[in-house]
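Trainee: Can we go through this one together? I'd like to start with how the chains meet.

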Amino acid sequence: MRNLLVRLAGHLVRALVMIWVVATFTFFLIRLMPGDPVAAQYEKLVQQGMSPDAARNATRLTYGFLPTGSGWDQYVHYLWRLLHFDFGRSTQTLGVNASAEVLTGAKWTIGLVLAGILISFALGTVLGVIAAIRRSSGVGDALTITGSLFHAIPQFVMALVLITVFTVIWPVFPTDGNVDILVDPGFNGPYVASLVSHASLPALAYALSMFGSYLLTMRSSVISVLGDDFVLAAELRGLTRTMRLRYIARNALLPLFTIFALTIGFMFGGAVFIEKAFNYPGMGITLINSIGHRDYSTMNATFLLITAAVIVANIVADLLYTAIDPRVRRGGEAVA
Amino acid sequence: MRRTAVAATALALCATLAATSCSSSSSSSKGGGTFTAILTQIDSKAPINPYNQSTNSFRGYNAMMLGWSKNTATDPNKFYPAIAKSWELSPDGTKLTVHIQPNAKWSDGKPVTGDDLKLSAAVAYAEGGSAFAAIPGTAGGTVDVKVIDDKTVEFDQNATKPLNTWFANVMTMYVLPAHVWSAQVPSDIWDTIHTALTGSAADAKTAQDTITALGKKLIGWGPDKDVSAGPFTLTRVTTSEALLTKNKNFYDADKIAPSQVVIKNYQDNSTIVNLLLKGEIDGSVYVAVSQSQLDKILAVKGNQVVSGASPVQASLVFNESKKPFDNVHVRRGLAYLIDRAQVTKVGESSSGKASPYPAGLTAAQIQGWGVSTSGLNAYSVDTAKAATEFQQAGLKQAGGKWTLPDGKPFTVPIQTTSDFNDWTSGASNVAAQLQAAGVDAKVTASSDYATYLADLAAGKFTVSWWLTALGPSAYNIYQRLYGAANGWTLGTGGGVAHSAAGQSGNWMGEAESADVSGLGTVNPGELTNQLSQVPPDQQKQIVAKLAAFTNDQVPAIAMWDYVNQNFVNTNRFTGFPPNDADVLRQPQGVWMQLGYIKAKAK
Amino acid sequence: MVTAVEIPTGNTPALTPARRGFWRNLWRVLRRKPTRVAGAVIVALFVVMGVVGPFLYPANLPTDPGNAYAGPSGSHLLGTDFQGTDVLALLVTGSRYVLVAAVIAAACTVVVGTGIGLYAGYRRGGPDSVLMRITDFIITIPGLPLLLVLSTLWKYSNPLTMGLVLGVTGWGSVARAVRSQTLSLRERGFIEAARGLGLSTAHVVRKELLPNVAPYVAMNLLISVTVYIYLEVGLFFLGVLPFNENNWGVMISQAVQNGVTQTGQGLAYLLSPLVAILLLTLGIVLLVDAMDEVFNPRLRED
């Protein structure tokens with residue numbers, strides 16, 4: 001237990017350093033981006049029929065929300081505010097806290113990502129075990145190649161196909177958004193049902209594009225465990241098939257935690273494709289919109305939140321690893 | 001692990017089935033009462049504040065102005081009444097008296113009064129409303145607002161250099177509830193405004209800063225609960241939709257058919273087209289679709305398109321600081337080589353019409369301003385004329401390819417942005433046409449519009465896409481070509497100053513004046529500036545002159561005029577405005593206020 | 001980002017392959033299943049397409065706006081695009097940019113990842129800590145969002161820059177995996193022996209360690225190519241990349257934006273690049289399957 005606490009403390013220190021590094025990196029990277037947040041606003045107003053002088057007057061206020069001073073001053077100011085969990089004000093929705101914008105999106109992304117991961121994990125591990133056991137038969141081959149292919153089908157293609165099939169050709173799912181606004185919000189049947197029906201297709205798109213990597217990892221992991229001495233020993237000891245499978249599964253699942261952690265992080269960052277395709281208002285959409293509007297504060301906040309998600313996922317995976325794998329628990333070095 | 005996952009999947013599936021069955025039942029129960037609209041990007045965190053760039057105060061629905069512009073091509077001062085039932089403008093255009101709708105009430109039952117208008121004007125100063133600028137020289141013009149009585153308010157314009165755009169700018173002021181907003185605005189705000197406008201330099205500066213700081217504070221603010229004088233009140237917002245409920249206290253409530261309005265998020269075109277294909281949208285703003293999408297959309301029961309002219313034109317603009325595009329013959333030669341009808345077909349087949357003349361005006365504007373087309377050159381495709389023009393510019397033709405006088409290949413780099421598919425498609429077609437004619441053309445797309453605009457303003461492009469003819473006022477139209485982007489900025493005393501290419505945002509780099517046969521020496525920036533100060537009949541002459549000048553000098557080749565197409569659906573509502581109605585550029589909430597859109601009889 | 005490359009052996013150390021007979025081995029394994037030969041042929045075809053393809057067509061493809069979104073026909077085997085250009089010509093001429101960028105990115109990933117992984121794993125101590133922190137950083141920083149930002153910074157006028165940018169964001173997981181393999185190899189007898197014999201570090205790394213991680217690296221190279229094609233095309237699909245020449249991603253993006261998914265008109269225009277990507281992916285997957293068996297005899301049940 002004490003060992004675990006020490007490990008956790010070490011992780012936390014490293015996580016904080018990493019967050020600082022990423023915060024610094026994104027801060028300067030984002031400021032290198034070309035583009036003027038005001039120009040697009042101005043163009044939009046003029047297009048709506050406002051006179052150029054009036055539009056200039058109307059967008060003048062936006063400048064008040066742009067950072068001023070030297071890059072270094074801005075950076076110090078930025079870090080100082082970060083320490084107080086203040087991510088600054090949005091320039092896209094003027095004056096509104098960037099963190100509020102990002103958290104609104106994050107809520108929806110987390111739901112989708114979790115649903116997608118659970119489905120793909122279940123599907124992938126089960127099929128992976130089958131593919132490993134039947135690896136010399138046609139079933140095994142078919143599973144492996146299907147897994148590789150699904151894994152390789154780009155998420156946006158998967159999304160396009162699902163949209164075309166289930167909302168245009170056979171319209172059983174809603175096309176866009178996250179919930180039907182006509183339903184009264186709250187914990188009631190219709191509202192939950194509306195949430196689920198809106199999330200189904202995007203979650204499915206995630207799941208279909210992710211289960212392949214679980215399948216392949218599980219397959220090769222099971223195969224390598226099958227050849228291990230302890231399996232042989234178990235067989236010699238005359239343990240039942242179910243017992244042996246449990247042995248194998250327990251040991252074969254280990255490497256999946258690494259990939260599991262990486263997947264969570266990846267999905268947060270990769271939410272862009274799916275959310276864009278389904279017009280699902282998560283963090284990916286927030287990020288795309290903030291980039292389009294050059295909303296620096298919101299961009300910074302989104303980056304940090306995604307990074308934090310990856311770091312936390314890694315820590316959790318490592319701790320789980322420690323708890324499960326006896327070799328690591330004895331003080332050996334974790335791979336992840 | 002496996003068992004729980006299976007259970008979870010099953011649960012999700014059940015819920016999904018429940019959802020599909022439930023949503024179909026709810027849609028049948030809502031009948032014709034809910035009007036579903038596409039308007040803008042929805043942000044659930046946005047304040048109920050019409051001045052915010054993303055807002056939950058939607059113009060025409062729960063945000064009201066004094067009047068609704070008819071967007072008439074030649075007269076920007078034509079308005080439909082809104083909160084202002086009627087108005088009088090003094091002959092010199094410096095005094096506007098507004099009479100508030102006698103029945104106008106806020107959704108909480110309080111009447112709309114002169115104090116509301118006065119406070120709204122104060123907020124407009126802070127937030128950068130069109131007619132209200134605390135920093136002189138930018139825009140504005142309003143120097144005072146007087147409450148004559150409960151229902152009458154007088155607006156005064158600076159009499160020394162009155163602008164003819166001022167009236168329209170005042171009429172588009174948002175009207176806010178004083179009893180909700182006054183707590184946010186200091187009580188001495190009008191003293192501060194007067195100091196900012198007329199005080200000594202130092203005092204004025206302090207006052208202006210105070211107002212700017214107030215604006216910064218106010219812009220992100222909005223009441224927790226919507227108080228609206230419009231036909232609807234905001235009920236709730238999700239991250240992708242907004243729900244508005246009919247405001248029983250609206251002064252023309254009996255004209256409003258829908259009991260509620262759902263505004264869908266405008267995230268990208270393809271989602272909207274999917275919604276249109278399902279027949280779920282009762283009214284949309286302009287949506288760019290391809291011809292095949294249009295056909296498919298109109299094949300859905302009830303879907304119709306209401307279209308009208310739009311004062312927006314897509315053009316190829318030259319950066320004349322880059323050689324050889326400073327030479328008018330090169331620009332004319334290129335104009336002769338491009339078949340604009342073909343570009344329009346490829347780029348904007350359904351919602352664009354090829355521009356008839358490169359003159360800085362759309363076809364509707366040319367007609368509206370009575371510009372004689374006999375004097376205008378249509379630059380119909382003519383390779384012989386193009387060759388003559390090119391030769392006059394010293395270009396040479398060798399082996400079917402045009403080269404510069406020094407023998408280097410003549411290349412036309414065309415810049416567009418991947419954000420706008422119509423520009424990108426149109427640009428590839430322009431390039432293909434030029435290549436076929438022996439001119440080496442190449443298309444490059446910037447990653448997004450923000451990058452595009454920044455690089456454009458920095459003068460990095462040579463030939464680029466740009467919206468021109470942006471009206472409705474004549475001044476706005478030609479500001480696009482002969483304004484700050486081309487070096488002419490407002491100087492002191494109402495005149496304009498010209499800065500050289502590459503300075504003060506001048507990326508077009510046209511010469512300050514040019515000799516045009518029949519017109520003499522013309523300074524287009526001067527003429528454009530005069531448009532904001534002279535009465536309509538004189539504007540007409542200036543517009544004709546600028547059209548001829550633009551047609552001769554070709555600073556831009558107009559490709560197509562956008563057609564403003566709104567999709568509507570007649571399954572649930574009828575009585576939509578006809579094509580070319582003057583309300584088409586206003587949101588559907590305004591259509592309803594003006595008596596359009598009726599519930600369909602069952 | 002490149003989680004795909006985790007496919008091989010997880011935490012089990014790589015097995016020493018039969019080094020010399022690699023090609024003979026590969027051929028033997030390929031022949032065992034016809035699908036594997038098909039995979040090799042597909043990959044070879046795409047390579048030829050990328051190398052030779054652009055020379056088969058004029059620099060400026062002819063257009064015919066009167067014949068836009070046409071279906072497949074004798075004169076246009078794969079139909080036409082939004083301005084009547086032949087889709088097959090677009091597909092072939094557009095392949096080079098996509099393939100070159102993906103190969104460069106994959107090479108970049110593998111070279112940097114392997115180099116850092118080997119060095120860190122072999123040296124351990126200070127250099128290891130520093131390099132692994134950098135690796136952590138590369139892995140932690142969200143790849144796709146990073147690319148979205150980078151897309152506004154670079155012009156991507158040629159596939160080289162595109163490939164480098166993609167590659168720079170993706171080598172983290174390779175480095176980590178190679179390092180952990182190196183760490184475990186280091187404890188094996190033959191490395192100990194080599195060091196005991198006083199052989200130079202360079203020799204040990206090049207002659208003893210590298211061959212042992214090579215299988216892993218080779219498979220990564222192939223799989224990374226598919227991942228980068230997907231990423232690259234995806235970015236073009238999102239419409240966030242600047243572009244100045246035709247490529248598959250631009251084709252998909254244009255097709256979708258012109259409403260092909262909704263109207264079905266010009267379906268061949270949308271499907272051609274998609275099928276090309278899937279076909280190439282399939283080819284690579286089949287080839288990897290064969291290599292997997294060459295390098296990892298345990299996969300064989302016999």
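Mentor: One term before that: two residues are in contact if their C-beta atoms, placed from the backbone, lie within 7 Å. This is a predicted model, in which local features need pLDDT of at least 70, side-chain atom pairs count only at pLDDT 80 or more, and totals for chains, interfaces and linings use all residues. Residues are numbered from 1 along each chain as its sequence is written, while chains are lettered from A and ligands numbered from 1 in the order in which they are written.

Trainee: Fine. How many residues of chain A are in contact with chain B?

Mentor: 61 residues of chain A, and they touch 72 residues of chain B.

Trainee: Which elements of chain A give two or more residues to that side?

Mentor: Helix 2 (37-47), helix 3 (52-63), helix 5 (98-133), helix 7, helix 8 and helix 11 of chain A. Helices here are DSSP runs of H or I with at least four residues, strands are runs of E with at least two, and both are numbered from the N terminus.

Trainee: And how do the residues on that side divide by class?

Mentor: The side of chain A that touches chain B has 30 nonpolar, 21 polar and 10 charged residues. Nonpolar covers Ala, Val, Leu, Ile, Met, Phe, Trp, Tyr, Cys and Pro; charged covers Asp, Glu, Lys and Arg; the others, Gly among them, count as polar.

Trainee: What about chain A and chain C, how many residues does each give to the contact?

Mentor: Chain A gives 54 residues and chain C gives 41. On the chain A side, the elements that supply at least two residues each include helix 1 (2-32), helix 6 (138-152) and helix 12 (296-324) of chain A. Helix 10 of chain A provides the largest share, 12 residues.

Trainee: Class breakdown there?

Mentor: 35 nonpolar, 17 polar and 2 charged for the side of chain A that touches chain C.

Trainee: Now chain A by itself. How many helices and strands does chain A have?

Mentor: 13 helices and 0 strands. The C-alpha trace of chain A spans about 85 × 55 × 40 Å along its principal axes. Of its 336 residues, 56% count as buried, where buried requires 20 or more other C-beta atoms within 10 Å of the residue's own, exposed is 12 or fewer, partly exposed is in between, and C-beta atoms are placed from the backbone.

Trainee: What is the average pLDDT of chain A?

Mentor: Chain A averages 81, with 92% of the residues scoring at least 70. pLDDT is the predictor's confidence in each residue, on a scale from 0 to 100.

Trainee: Which elements of chain A have the lowest and the highest mean?

Mentor: Helix 13 (residues 326-329) of chain A is the lowest at 53, and helix 4 (residues 71-83) of chain A is the highest at 88. Over residues 329-336 of chain A the pLDDT is below 50, though this stretch has 15 contacts in the model beyond near neighbours in sequence. Where pLDDT is low, the predicted coordinates should not be read in detail.

Trainee: Is chain C built differently, or what are its helix and strand counts?

Mentor: Chain C has 12 helices and 0 strands. Its C-alpha trace spans about 75 × 45 × 30 Å along the principal axes, and 56% of the 302 residues of chain C count as buried. Among chain C contacts between residues at least 6 apart in sequence, 73% join residues at least 24 apart.

Trainee: On to chain B. What secondary structure does chain B have?

Mentor: 18 helices and 27 strands. The radius of gyration of chain B, taken over C-alpha atoms, is 26 Å, close to the 25 Å from the globule rule for 602 residues, so chain B is as compact as a globular protein of that length. That rule is 2.2 Å times the number of residues to the power 0.38.

Trainee: How is chain B divided into domains?

Mentor: Domain 1 is 1-62 + 229-302 + 570-602, domain 2 is 84-218 and domain 3 is 310-562. The bounds come from an automatic or database domain assignment. The centres of domain 2 and domain 3 of chain B, over C-alpha atoms, are 38 Å apart. Their contact takes 5 residues from domain 2 of chain B and 6 residues from domain 3 of chain B.

Trainee: Last thing: which way do strand 10 and strand 11 of chain B run, parallel or antiparallel?

Mentor: Antiparallel, with 5 bridges joining strand 10 (residues 232-237) of chain B to strand 11 (residues 241-246) of chain B. Strands pair if DSSP finds at least two bridges between them. B:Phe232 has B:Lys246 in strand 11 of chain B as its bridge partner, and a hairpin of 3 residues connects strand 10 of chain B to strand 11 of chain B. Strand 11 of chain B also pairs in the antiparallel sense with strand 12 (residues 260-265) of chain B, over 5 bridges. There, B:Gln260 in strand 12 of chain B is the bridge partner of B:Thr245.
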